[in-house]
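Biologist: Please take one part of this protein and go through it slowly, for someone in the first year of study. I would like to know what it is built from and what packs against it.

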Amino acid sequence: IFPDRFATTGQYRHHADATEWAWSSDWRDPVARGPDAMTQIYGGDLDGITRQLHHLVDLGVGGVYLTPVFPARSNHRYDVTTFDQVDPILGGDDALVRLSDAARSAGLRVMTDLTLNHTGSHHDWFLAAQGDQSSTEADFYHFNGHPDDYESWLGVTSLPKLDHRSTELRRRLYDGPDSVVARYLRAPFDMAGWRIDVANMTGRRGLIDLNHEVARIARATVDAVDPERWLLAEHFFDASRDASGDGWHGVMNYAGVTRPIASWLGSFTALEAFMAGPGQPPRDGVQMARTMDAVRASLPWQVTMASMSLLGSHDTARWRTMATSDDAALLGFGLLMSLPGTPAFFYGDEIGLTGSTSEQARRPMPWDRSEWDARFLDWYRQLVALRNREAALRTGGFRWVDVGPDALVFLRETADSRLLIRAARASTAPLDVSTAHLGAV
């Protein structure tokens, strides 16, 4: 059901209207740019996205995924300070409701982002925990020595790690009808699901491993509201241990889609900036197909189909920059739209935006159409329409027909329809395929 609803999800972050601000020590104060400005923030809000929904309707996408909308001290908002409201700088609760209502009227759905692994160090809960060692909230975190020695995400002290052994933490955050997870799925917000940040780290510290338990409880909470809502886990690596099908519906499929395609169609130099860590070694088509098979075989089919297939995101360089050429970038999107899974693309990919790092990739969406690449826009629109039209691309099975270093041929098929797809990065010899092999009558 998810590939139908989210068949062509576009990620649109909250940079809607590009009013440029500088950042002072008080991050909320827009100040004149100067030598003391540390970075930049932008004045976009949720109503800005609402005003541009016609662009998404024109593209034919099924939904919108937003990075976090809760108040925080950073522009990325993964250091949330409270789950009780939508950040007023984005327009507050009412703006999220307006966006959700307008999207539903336009045939779209909206989902957003939640971190179950950590909060910000200025979160209400963490301040209470630091203030009183005997408080209920003190059990929400891993303190080595109260109040300032605590476990945090990758040692970043502004992101204290949550301790899921606390029953009260679970109740407040993801367990049951009064939790954060349930609240924003119900009216008036009516979010279509959650993307769970750093899900592979959640509930894990040393010998403590509650990851599966967190996933199953959160899934039960989501299902109790509506079993058709989406619970998606961020996972950069091998997700086979964490995605058994009874917890997260799916994962962000970097391992089974993003990296294999990038290794076949991407520049190694560009891929070194793909994410933190080493670059992705280049692969030929045979190696790429084997990688995809290995990842797909390690996951239940329903998890593969409910996993987000993507070429890039807010955590990567832009796909067009990573690709060896514009033709390769367009070919990559063709693969994305025809492989099993739930395809998503980052805002602006459809107009050919570039960026060699994740920070460069997060620049605001330019709404001046003279800056858009019409070739990219037309290609994206055509392939989204094809996927929306062909049930085999959304829900069908998958099998290879022929795999070579420079070209791949495969089938997507249902009981009623069958599509033969060829993706080639170079000219190859003609291929003869038996109709019997294709299953033709």
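**The sheet and its surroundings**

Modeller: A good place to start is a single pair of residues: V403 stands opposite L408, which belongs to strand 16. The model is predicted, and everything below is computed from it.

That pair sits where two strands meet. Strand 15 and strand 16 (residues 407-413) run antiparallel and are joined by 6 bridges. A further strand completes the sheet: it is an open sheet of 3 strands in the order 15-16-17, with antiparallel pairing. Strand 15 (397-403) and strand 17 (418-424) are at the edges, and each has a single partner strand, so one side of each has no neighbour in the sheet. On average, neighbouring strands here are turned by 20° against each other, if direction is ignored.

Next come the helices that pack on this sheet. Helix 14 (residues 326-338) touches strand 16 and strand 17, and its direction makes about 155° with that of strand 17. Helix 11 lies across strand 15 and strand 16, and runs at about 155° to strand 15.

Helix 11 also leads away from the sheet, to helix 9. The axes of helix 9 (residues 254-265) and helix 11 (residues 285-297) come within 9 Å and cross at roughly 175°. Angles over 145 degrees count as roughly antiparallel, and the two helices are therefore roughly antiparallel to each other. On the side of helix 9, the residues that meet helix 11 are A255, G256, P260, I261 and W264. Their counterparts in helix 11 are G285, M288, T291, M292 and V295. Sorted by class, this contact has 7 nonpolar and 3 polar residues, and no charged ones.

How much of helix 9 is buried? The helix is mostly covered, with 12 of its 12 residues buried. Among them are residues that meet helix 11, such as A255 and W264, and also R259 and S263.

For comparison, here are some elements elsewhere in the chain. Strand 5 (residues 109-115) is mostly covered as well, with 7 of its 7 residues buried. Strand 5 runs parallel to strand 4 (residues 63-65), and 3 bridges join the two. In this pair, G63 stands opposite R109 of strand 5.

Helix 5 (residues 124-131) has W125, F126 and A129 among its residues, and these are buried. They cover an arc of only 95° around the axis, which puts them on the same side of helix 5. The cover over the buried residues of helix 5 includes strand 6 (143-145), strand 7 (149-150) and helix 6 (167-173). G131 is also found in helix 5, but G131 is exposed, with a relative accessible area of 68%. The C-alpha atoms of G131 and P147 are separated by 7.5 Å, and these residues are 16 apart along the chain.

Finally, the whole protein gives a background for these parts. Its secondary structure comes to 18 helices and 17 strands. Of the 441 residues, 56% are buried. Among contacts with a separation of 6 or more, 66% are between residues 24 or more positions apart. Back at the starting point, the sheet keeps its order 15-16-17, with helix 11 across strand 15 and strand 16 and helix 14 touching strand 16 and strand 17.

Technical notes
Residues are numbered from 1 along each chain as its sequence is written. This is a predicted model: local features need pLDDT of at least 70, side-chain atom pairs count only at pLDDT 80 or more; totals for chains, interfaces and linings use all residues. Side-chain values use heavy atoms; hydrogens and water are left out. Axes are lines fitted to C-alpha atoms, for helices over the stretch in contact, and angles run from 0 to 180 degrees between N-to-C directions. Helices (H or I, at least four residues) and strands (E, at least two) are DSSP runs, numbered from the N terminus. Angles under 35 degrees count as roughly parallel, over 145 as roughly antiparallel, 65 to 115 as roughly perpendicular and the rest as oblique. Contact means heavy atoms within 4.5 Å. Ala, Val, Leu, Ile, Met, Phe, Trp, Tyr, Cys and Pro count as nonpolar, Asp, Glu, Lys and Arg as charged, and the others, Gly among them, as polar. Buried means under 20% relative accessible area, exposed over 50%, partly exposed in between (1.4 Å probe, protein chains only). The arc is that of the directions from the helix axis to the C-beta atoms. Two strands pair if DSSP finds at least two bridges between them.
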